[in-house]
Amino acid sequence: MRRWWLTLCCILLAACAQTPSTAVRGTGDLGVVIERASGRVVVVDTTAKRALGAIDGLGDLSHASVVFSRDGRHAYVFGRDGGLTKVDLLGQRIVKRVIQAGNSIGGAISQDGRLVVAQNYEPGGIKVFDAETLELLAEVPAGSKVVGLADLPGQKFAYALFDKGEIWVTDLTDPRRPHTQKFPAGRQPYDGLVTPDGRYYLAGLFGEDGVALLDTWRMDLGVKKILQDYGKGEQKLPVFKMPHLRGWAVAGEYVYLPAIGRHEVLVVDRRDWREVARIPVKSQPVFVMARPDGRQIWVNFAHPDNGWVQVIDTLSGKVVATLQPGKAILHMEFTPRGEHVWLSARDDHRVIVLDTQHFERLAELPAKSPSGIFFTSRAARMGF
């Protein structure tokens with residue numbers, strides 16, 4: 001009996017010795033880079049700072065976004081052509097792909113990870129899918145372009161209607177019977193964010209000065225306008241690219257917002273939603289993103305200054321670094337604890353990895369016209 005047991009152990013040990021160390025791995029340090037010109041995504045390892053492979057056949061990715069399953073294994077890619085694609089990051093393959101609209105610019109995943117929701121330009125409204133099978137469960141027509149879709153606690157989703165000037169909150173507790181509440185927001189809400197605790201939803205207004213604020217704990221109070229006097233009576237500059245609002249811009253007690261048509265970042269105290277500062281920056285900001293620890297704010301810019309990036313120190317409220325890492329920096333993504341930032345340099349056809357303490361260049365990865373960069377750490381955060 002003992003000889004049989006020793007023989008079995010030897011066989012198992014030999015099998016383990018022959019198994020590559022990469023055969024089994026987690027997904028916590030994986031991510032994807034969108035190649036907007038080629039219709040594919042590159043799977044990357046943020047620890048090794050290298051590409052693991054690429055997945056083709058995802059359609060028009062000229063304005064694509066990504067959310068992740070709770071376990072970080074699957075990425076849901078929303079394409080400009082209305083395509084919704086479920087991708088297996090470990091298997092590096094497409095699990096399923098559906099064309100769910102004529103023009104789509106993003107989506108979100110529910111608190112429990114069971115529902116994937118797409119926001120659409122054409123025909124407008126949102127569509128709700130089963131995250132496992134991509135079966136269509138429900139549709140909420142809106143008669144408007146939908147922007148700023150964000151997940152909320154309690155299986156709810158908030159989003160803005162660009163053409164109607166409203167914010168809608170849809171409860172998908174019963175996904176086949178959506179219940180929607182509607183709130184006047186202001187002229188042309190163009191994007192939105194939810195604070196990291198899921199309480200406040202903010203929609204930037206393109207058609208008027210100010211930001212629309214909805215307290216999702218007290219929706220009976222309706223939408224409050226904040227920053228209404230910003231830029232009042234002043235001549236605005238031409239807007240070369242619409243700025244983006246997302247949860248990256250929330251750091252501690254302050255919210256950092258890109259000013260539309262101006263070379264400034266607005267600082268708002270989230271305790272009373274009053275403007276407390278304006279930080280001059282090099283050009284018109286597009287993304288204003290907080291490092292995970294909240295100590296730095298990284299800003300990229302619209303054309304013709306989209307080769308520059310500036311870093312704001314949140315303690316001093318001043319720009320502490322002005323960098324020119326590459327041509328057409330379209331997106332930035334921090335590693336989960338913020339020691340590195342990945343930048344997509346579209347016109348250089350590469351992704352650049354920088355150290356966020358000393359701003360040293362650590363690595364470069366080839367990619368064909370890269371744009372969005374998305375890491376699986378988003379799976380554990382609201383509004384991402």
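A search of the whole structure, which is a predicted model, finds 5 aromatic pairs. Two of these pairs are described below, followed by an aromatic cluster and two charged side chains placed over rings.

One pair is formed by Trp 298 and Phe 334: the ring centres lie 6.2 Å apart and the planes meet at 85°, so the arrangement is edge-to-face. The two residues come from distant parts of the chain, 36 residues apart, with Trp 298 in strand E25 (residues 296–301) and Phe 334 in strand E28 (residues 329–334). Trp 298 is buried because its relative accessibility is 0%, and buried means under 20%. Phe 334, with a relative accessible area of 6%, is therefore buried as well.

A further edge-to-face pair consists of Trp 342 and Phe 375. Strand E29 (residues 340–345) holds Trp 342 and strand E32 (residues 370–375) holds Phe 375, so this pair ties together parts that are 33 residues apart in sequence. Both Trp 342 and Phe 375 are buried.

The geometry of the two pairs is set out here.

| Aromatic pair | Centre to centre | Angle between planes |
|---|---|---|
| Trp 298 and Phe 334 | 6.2 Å | 85° |
| Trp 342 and Phe 375 | 5.3 Å | 85° |

Beyond its pairing with Phe 334, Trp 298 belongs to one aromatic cluster together with Phe 334 and Phe 359.

Rings also carry charged neighbours over their faces. Lys 282 places its charged end over the ring of Trp 308, at 4.3 Å from the ring's centre. Lys 145 lies over the face of Tyr 121, and the distance to that ring centre is 5.9 Å.

How values were computed
Residues are numbered from 1 along each chain as its sequence is written. This is a predicted model: local features need pLDDT of at least 70, side-chain atom pairs count only at pLDDT 80 or more; totals for chains, interfaces and linings use all residues. Side-chain values use heavy atoms; hydrogens and water are left out. Rings of Phe, Tyr and Trp (its six-membered ring) pair if their centres lie within 6.5 Å; planes under 30 degrees apart count as stacked, over 60 as edge-to-face and the rest as tilted. Helices (H or I, at least four residues) and strands (E, at least two) are DSSP runs, numbered from the N terminus. Buried means under 20% relative accessible area, exposed over 50%, partly exposed in between (1.4 Å probe, protein chains only). A charge sits over a ring if NZ of Lys or CZ of Arg is within 6 Å of the ring centre and within 35 degrees of the ring normal.
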